[in-house]
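Good morning, and thank you for making time for this presentation. I would ask you to keep the sequence and the structure in view while I speak.

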Amino acid sequence: MNPEKLCMGCMREKGNAQVCSACQWEEGTPPEHPGQLYPRTILAQKYLLGRVLGQGGFGITYLAWDLLLDRKLAIKEHFPREICNRARDDRTVQPLSRRQQDDYGYGLRKFGEEGRALARFYDYPGIVLLLDFFEANGTAYLVMAYVEGMTFKQYLEQRGGKIAFGPALDIMMPVMDALREVHRLGMLHRDIAPDNVYLNENRQVKVLDFGATRSALREQSQLPAFKPGYAPLEQYSSGGKQGPWTDVYATAATMYRALTGQPPPESPDRLRHDALIPPSSLNIEIPPDSERALLKALSVHVEDRFQSMAEFQEAVVLRDSASLGGKPVAENKTSPQKPRLWLAIAGFLLLTAIAFFVLWLHARSGGQNSLSELSEMRAEIQNLQAKLSAQQSTNTALESNANTLTGQSQQLSTQLEDMKRERDGLVVQRNSLMSQLDSAKSDARSLQAQISTLQAQVGSLQEQNRNLQGHQGARKITVSKYWLYNWDGNRGSSKSKREGPANDFSRNALRYLLCVLQGPNPTHEKQAFSAALELRYIAPDGVIKYTDVVAVAAAREAQTWTTSSDWGSEHPGAFKAGSWKIEVWCEGQRLGQINFEVH
Ligand SMILES: Nc1ncnc2c1ncn2[C@@H]1O[C@H](COP(=O)(O)OP(=O)(O)O)[C@@H](O)[C@H]1O
Ligand SMILES: [Mg+2]
């Protein structure tokens, strides 16, 4: 599922539409109240927040989407709005002032306890499923499975504010079952009211919102934290003795609200003058026994109330459904079994006593037929007693089995939670490793490209180097020998006589100069080379008389090079008498010289 295409109002796929066709939520709608997190905020790297489902005095509940597991969630954020606000970063929750720091920290700890309490009801059908708990943004979050449906409050509003006793009981029975389970584990809910009872699409009932945090905070900081009409008297004073009877009151008040459309008057007001009107006085059909039970559960004083949820449930339950014309109450799987069992046993004992009494009467009247009847009845009684004890031992075995199974299932659910947490951590690690791997791969690719470029550069440098070597070779030429020749007579004539090599000349005779240069090949066996040598003929007065440029070239295999230059054929006597020299230059460097005398 692409989260971009999800509607933040209902978490259904809306495609690219600006307004969701299913719920009319418009993309980009800001939070309704300041302090609420923006839709599309991501928490713990995997929870995408949507619109706010509800905000109470102590928390904000958001619709959310699990980005890893693709499922709808409800996430409750600890946000006691009387004592905290959201920092400038639009995320961090902070106490309003230093004075509130302690209360805030205390509430946060209690919120964690609420989470742990909820976690104990893993997979209990009547209590909303807690999936995760984490701390972030200076506060903490409870992650719950999302329940499609509506609160009991909304349900009542849809039906004009109230419903008949039969349907009301249908809804409240599973609430009472769940609360019995809560009490069995030594906890209290403390905030039962129509908005904390949730009906899912199949009319199954779930209890939401354990009020542990609010009641703890109230005790600590005197914040108003209970729902008027639903909270019993003991919740109004910090020393009030709270127990299962506290939830009994709130449950009965919720039922009273469902029947009459109004909650009972606030309990402290009832202390002075009890204005609670029995439903029957409002012309509401309710069996008299059930009404008695309801009013007893709504007793202002703790000691007048049912002490346990089971007692209240047993007393309020409808025995003769025909009298109301409503739907019979569904047999509840987890309804109390023990009282019924004991009733059966008591009945059976009564029958046995009656049987004995009849036998005794017969014996006293001395009836003759009674002997055979007597033995028949004895046999019958023995038979029944045997059945009873067999049933009792089966019950005990079943009960101990059930206890073991509950223990095991709790253990397993804790293990499962641990494993889920571990898995989530591993998924995060894997993702970060994968992204590291990706970036390492792209680094490697770019390094490879750099290497190729460098290799190409090296190749071209090598080529240049090779060229340079030939060039450099020229600088290494040392002119190992050169000769001067002279001719007498005209150059090219048959009489001409070449003399030399020599290093001094008679002026008159000197006509022609041939200079031979020769030396070892400086790049022998490596590289062919070529260079331009410059020969400067310098007169005795230091003036360069003649310059001749000669090319030097040698193949790679050639061991030596040689070249020659000639000058001075046409002007006899062109060579002034004195000390001459010939300098050999290459690329601005003088490689050598030879002197000669002209007489
Ligand atoms: N698991 C859930 N699934 C669907 N809706 C929920 C769920 N939890 C809470 N809500 C909605 O959010 C509202 C507020 O949540 P609740 O836990 O009762 O907090 P509070 O009453 O403290 O604000 C509820 O009345 C209900 O409409
Ligand atoms: Mg609530």
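**The open sheet and its surroundings**

Let me begin with an open sheet of 6 strands, whose order is β1-β2-β3-β4-β8-β7 and whose pairing is antiparallel. Its edge strands are β1 (42-43) and β7, each of which pairs on one side only. Please bear in mind throughout that this is a predicted model. As a general reminder, the strands of a sheet pair through backbone hydrogen bonds, in either a parallel or an antiparallel manner.

I turn to the individual pairings. Strands β3 and β4 run antiparallel and are joined by 8 bridges. One of the facing pairs here is Asp 66 with its bridge partner Arg 71 in β4. The two strands form a hairpin with 4 residues between them, and in that turn Asp 70 has a positive phi of about 50 degrees.

On the other side of the order we have β4 with β8, again antiparallel, joined by 5 bridges. Here Glu 77 stands opposite Tyr 141 in β8. How enclosed is β4 by the rest of the structure? Of its 8 residues, 6 are buried, so β4 is largely enclosed.

The pairing of β7 with β8 is also antiparallel and extends over 6 bridges. Leu 130 stands opposite Met 144 in β8. This hairpin has 2 residues between its strands, and Asn 137 takes a positive phi near 55 degrees there.

Asn 137 deserves a further word. The residue lies in the loop between β7 (130-136) and β8 (139-145), and its phi is positive although it is a residue other than glycine. Is Asn 137 buried or exposed? Asn 137 counts as buried, because it has 20 C-beta neighbours inside 10 Å, and 20 is the number at which a residue is called buried.

A second residue with a positive phi, Glu 587, offers a useful companion case. Glu 587 is not a glycine either, and its phi is about 45 degrees. Its place is the loop between β19 (578-586) and β20 (589-598). Glu 587 has 13 C-beta neighbours inside 10 Å and therefore counts as partly exposed.

Following the chain beyond β4, we come to Glu 82, in the loop between β4 and β5 (84-86). With 14 other C-beta atoms within 10 Å, Glu 82 is partly exposed. Glu 82 and Gln 100 are 18 residues apart along the chain, and their C-alpha atoms are separated by 9.5 Å.

**The ligand**

Where does ligand 1 lie with respect to the domains? Domain 1 (1-146) and domain 2 (151-327) both give residues to the shell around ligand 1, so the ligand lies between them. There are 18 residues around ligand 1, and the closest are Leu 53, Gly 54, Gly 56, Ala 74 and Asp 209. By class, the shell has 8 nonpolar, 7 polar and 3 charged residues.

The sheet returns at this point. Strands β2 (47-55), β3 (59-66) and β4 (71-78) each supply at least two residues of the shell. The largest share comes from β2, with 3 residues.

**The nonpolar cores**

I now move to the interior. The largest nonpolar core has 84 residues, and those with the most contacts inside it are Ala 64, Leu 73, Ile 75, Ala 252 and Ala 297. Helix α3 (residues 165-184) gives the most to this core, namely 11 residues. The core draws at least three residues from each of domain 1 (1-146) and domain 2 (151-327).

What does Ala 297 touch, if residues up to four places away in sequence are not counted? Ala 297 touches Val 248, Tyr 249, Ala 252, Arg 305, Phe 306 and Phe 312. Apart from this core lies another, of 21 residues, among them Ile 477, Ala 531, Val 552 and Trp 580.

**The chain as a whole**

To close, I step back to the entire protein chain. Its secondary structure comes to 10 helices and 20 strands. The chain has 599 residues, of which 29% count as buried. Among contacts with a separation of 6 or more, 58% are accounted for by residues 24 or more positions apart.

Thank you for your attention.

Technical notes: Residues numbered from 1 in each chain as written. Chains lettered and ligands numbered in written order. Predicted model: local features only at pLDDT ≥ 70, side-chain atom pairs only at ≥ 80, totals over all residues. Near = placed C-beta within 6 Å. Nonpolar A, V, L, I, M, F, W, Y, C, P; charged D, E, K, R; others polar. Domains from an automatic or database assignment. Buried ≥ 20, exposed ≤ 12 C-beta atoms within 10 Å, placed from the backbone. Core = buried A, V, L, I, M, F, W, Y, C linked by C-beta atoms within 7 Å. Contact = placed C-beta atoms within 7 Å. Pairing = 2+ DSSP bridges.
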